[in-house]
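Colleague: Please show me the model, and then justify the terms applied to it.

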Amino acid sequence: SLLRESEKKFRALFEGTSQAVVLHDENGIFDANPSWLQLLGYSKLEDVIGKHPSEVSAPIQPGGESADTLEKKYIATALVNGSARFEWIVLRRDSTEIPIEVFLTPIRLGGRQLIQAVCNDITQRKQAEAELLRTLAREKELGQLRSNFVSMVSHEFRTPLAIIQSSAEILDEYLDQLEKTERVDHLQ
């Protein structure tokens with residue numbers, strides 16, 4: 001039948017894609033493709049079935065909110081708007097954290113309302129962002145050091161330069177009226 005054919009195509013796509021995809025409903029996760037299981041360090045689907053996405057996530061997400069609260073908020077957004085895109089921290093089976101970007105889409109499958117989450121590992125992007133921020137901080141620090149140095153140098157040279165300028169002006173204006181010893185003093 002067409003439905004069986006359609007399900008076969010979906011299954012082939014779901015299993016074969018390199019993108020990590022997980023399906024869940026109000027009772028938790030009920031399907032995940034090999035890419036998703038691999039991303040989270042699980043070898044078999046049975047290890048995650050029935051868990052809520054927040055149970056395989058860092059309990060407190062980057063914004064400071066709990067995974068449980070945010071999960072409900074993002075699902076509600078996806079149901080209203082047709083999708084939701086956000087950054088998330090998942091917990092691998094070994095408890096290491098991985099930053100991911102999630103694209104949630106509500107789908108109907110066999111009369112059931114499901115949520116499909118397509119997940120991308122953004123570890124490299126996050127590392128690049130952190131490196132960029134460190135570089136910017138270093139540049140800012142160097143700019144400040146340069147500015148402080150110029151300030152200090154100009155302050156240190158102001159007095160001696162004022163004395164030199166004063167002596168040069170005296171020599172320029174009164175050279176022929178000065179005693180030889182006074183001229184030597186000003187020149188020195």
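The exchange below sets computed values against the definitions behind them.

Modeller: This is a predicted model, in which local features need pLDDT of at least 70, side-chain atom pairs count only at pLDDT 80 or more, and totals for chains, interfaces and linings use all residues. Residues are numbered from 1 along each chain as its sequence is written, and side-chain values use heavy atoms, without hydrogens and water.

Colleague: Why are strands E1 and E2 said to pair?

Modeller: Pairing requires at least two bridges found by DSSP between two strands. Four bridges join E1 (residues 20-25) to E2, so the antiparallel strands qualify. One partnership is that of leucine 23 with aspartate 31 in E2. Two residues lie between the strands of this hairpin.

Colleague: What makes E2 mostly covered?

Modeller: Four of the five residues in E2 (residues 28-32) are buried, that is, under 20% relative accessible area with a 1.4 Å probe, protein chains only.

Colleague: Why is the largest cavity called a cavity, and not a pocket?

Modeller: On a 1 Å grid over the protein atoms alone, a 1.4 Å probe fits at the points of a cavity but cannot get out, whereas a pocket is an open set with protein on both sides within 12 Å along at least five of seven lines. One cavity of 30 Å³ or more is counted, and the largest has a volume of about 200 Å³. Among its 19 lining residues, His24, Pro53, Trp88, Val102 and Ala117 are the closest to its centre; lining means an atom within 4 Å of a point.

Colleague: What space lies in the largest pocket, and which element gives the most to its lining?

Modeller: The largest pocket holds about 190 Å³ of space, and H3 gives the most to its lining, with five residues.

Definitions and conventions
Buried means under 20% relative accessible area, exposed over 50%, partly exposed in between (1.4 Å probe, protein chains only). Grid points are joined across faces, edges and corners, and a volume is the space filled by probe spheres set on the points.
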